[in-house]
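Here is a quick walk through a structure you may not have met before. Have a look at it first, then read on.

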Amino acid sequence: MQLKRPKIAVLTSGGDAPGMNAAIRAITLACHSSGYSCIGFFHGYNGLIDDEWCELTPRLVNPTLQQGGTLLKSARCKAMLTSDGVKQAANTLYKHDIDALIVVGGDGSFRGMLELEKEWRGQLIGLPGTIDNDLAHCDATIGFATAVQTAASAIDKIRDTANAFERVFIVEVMGRHSGHIAFAVGLATGAEAILSFENCQPPQHDAILSELTTAITQQQQVRHGSYLIVCAENLWPGGASALQKALKERAAIDSAVCILGHIQRGGSPVVNDRLLASKLGLAAVEAVEQQQHMVMLGEIAGNVVATALNATVQDHKPVASFWLKAHRSALKGDLA
Ligand SMILES: Nc1ncnc2c1ncn2[C@@H]1O[C@H](COP(=O)(O)OP(=O)(O)O)[C@@H](O)[C@H]1O
Ligand SMILES: O=P(O)(O)OC[C@H]1O[C@](O)(COP(=O)(O)O)[C@@H](O)[C@@H]1O
């Protein structure tokens, strides 16, 4: 009697992140070398609901290793928030006789897997893919390193023109509700101020504004140069433009605003993201072979660690305290 060839499916969901293609590629190549069949569903969970898929072959995935975005496309799928949608997604997995589904995405995508588990009996494995790095139980998510590099390169250019005009610049970076990008980018570019959820809660906004106006005025008196404020999106009420207006009204400080936005999501993944995604993609197929289920695979101190999906959606990953400390000491050094 011939045994059935295991069949593995992959999808990418939520905000796309550079390195998702590298993960898809690694999964496909690992399946190919083990003799498994491998298919990809398009547009996040929509692909399951609409039964939209393609066969993944080495020939298809190999050229995508260096490409940003995701060849499987991504989406935020509203239907998955309904029980009918989840049932429909499960039916598609049954229809294709899938043994395991690997989802590359963030905590929202993992919540989708928790729902899917109630309706489908196959194995579910998650890989952390989001530029925000806001998933606990992994040192870094796929895409974070590239997004930070992209934002830092853009800010280096902004710094040149800011220096030339001795300007105050407010640069808004992504991160939804966490400051991993803001702190990494702010530290890497020597920002004079980093405003993020970790050091700037709503009641403190007025005090922060006072501190900023004092620091900028002091800096403008003692030396010439630029003053760079890296501000996390969704942090300042009304956004970076409202902060610009407040600085003008409070202390007649002129500033320029730059919102980096989706530039941070695109571009060729840096080597670290390619390696991380390749390692986790291969580990995901091995996890399927080991009958693992309902886990996220993340890299911690160089090792691949499996954590229950439940824990990954419940636990919070704080910005490293060292980064907060480094920023505070940089500020002190600057004003001394
Ligand atoms: N509570 C939930 N139940 C079922 N599916 C969910 C849930 N939360 C999110 N999802 C699915 O995961 C998708 C991606 O989630 P989102 O939060 O937008 O991005 P990310 O996965 O990057 O955090 C959503 O569009 C939805 O299809
Ligand atoms: O592209 P959209 O749908 O406007 O989403 C923007 C959000 O997506 C992100 O780029 C990535 O977030 P997720 O990976 O959690 O989806 C956030 O930083 C940002 O707030």
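Two strands pair if DSSP finds at least two bridges between them. With that in hand, take β10 and β11: they run antiparallel and are joined by 6 bridges. Keep in mind as you look around that this is a predicted model.

**The seven-stranded sheet**

β10 and β11 belong to an open sheet of 7 strands with mixed pairing, and its order reads β3-β2-β1-β4-β5-β10-β11. What stands at the edges? Strands β3 (53–55) and β11 (303–308) do, and since each has a single partner strand, one side of each is left without a neighbour in the sheet. On average, neighbouring strands here are turned by 25° against each other, direction ignored.

The hairpin of β10 and β11 has 2 residues between the strands, and in it A301 takes a positive phi near 50°. Right by that turn in your view, I300 has N303 in β11 as its bridge partner.

Now for the parallel pairs in this sheet. Strand β1 (residues 7–12) runs parallel to strand β2 (residues 37–41), with 4 bridges joining them, and A9 sits opposite I39 in β2. β5 and β10 also run parallel, joined by 2 bridges, and there G126 is found opposite M296 in β10.

**The four-stranded sheet**

There's another open sheet, this one of 4 strands with parallel pairing, in the order β7-β8-β6-β9. Its edges are β7 (193–195) and β9 (255–259); each has a single partner strand, so one side of each is left without a neighbour in the sheet. The twist from one strand to the next averages 20°.

Within this sheet, strand β6 (residues 168–173) and strand β8 (residues 227–232) pair in the parallel sense over 6 bridges. If you want one pair to find on screen, V171 has V230 in β8 as its bridge partner.

Helix α7 packs on this sheet, touching β6, β7 and β8, and its direction makes about 165° with that of β8. Why is α7 largely enclosed by the rest of the structure? It's because 7 of the 9 residues of this helix (residues 180–188) are buried. Those buried residues are H180, I181, A182, F183, A184, V185 and G186. After α7 comes G190, whose phi is positive, near 65°.

Here are the bridged strand pairs side by side:

| Strand pair | Direction | Bridges |
|---|---|---|
| β1 and β2 | parallel | 4 bridges |
| β5 and β10 | parallel | 2 bridges |
| β6 and β8 | parallel | 6 bridges |
| β10 and β11 | antiparallel | 6 bridges |

**Helix α1 and its partner α10**

The axes of α1 and helix α10 (residues 271–289) come within 7 Å and cross at roughly 40°. The crossing is a right-handed one. On the α1 side, the residues that meet α10 include A22, A23, A26 and A30; on the α10 side, A277, L280, G281 and A284 are among those that meet α1. Sorted by class, this contact has 11 nonpolar, 3 polar and 3 charged residues.

**Around ligand 1**

Which residues come nearest to ligand 1? Of the 18 residues around it, the nearest are G14, R76, G106, G108 and G112. By class, the shell has 4 nonpolar, 10 polar and 4 charged residues. Helix α5 (residues 107–117) gives the largest share of that shell, 6 residues.

Helix α5 is worth a look of its own. Its buried residues are D107, S109, F110, G112, M113 and L116, and they pack against α4 (83–95), β4, β5, β10 (295–300) and α11 (309–314). So G112 turns up twice: it is buried in α5, and it is one of the residues that come nearest to ligand 1.

**A stop in a loop**

Last, find A75, in the loop between α3 (58–61) and α4. Is it buried or partly exposed? A75 has 17 C-beta neighbours inside 10 Å, and because a residue needs 20 or more to be buried and 12 or fewer to be exposed, A75 counts as partly exposed. Leaving out residues up to four places away in sequence, A75 touches H43, G44 and N46. From A75 to D50 is 25 residues in sequence and 13 Å in space, C-alpha to C-alpha.

Terms used
Residues are numbered from 1 along each chain as its sequence is written. Chains are lettered from A and ligands numbered from 1 in the order in which they are written. This is a predicted model: local features need pLDDT of at least 70, side-chain atom pairs count only at pLDDT 80 or more; totals for chains, interfaces and linings use all residues. A residue is near a molecule or strand if its C-beta atom, placed from the backbone, lies within 6 Å of it. Ala, Val, Leu, Ile, Met, Phe, Trp, Tyr, Cys and Pro count as nonpolar, Asp, Glu, Lys and Arg as charged, and the others, Gly among them, as polar. Axes are lines fitted to C-alpha atoms, for helices over the stretch in contact, and angles run from 0 to 180 degrees between N-to-C directions. Two residues are in contact if their C-beta atoms, placed from the backbone, lie within 7 Å. A crossing is left-handed if the near helix is turned anticlockwise from the far one by less than a right angle, and right-handed if clockwise.
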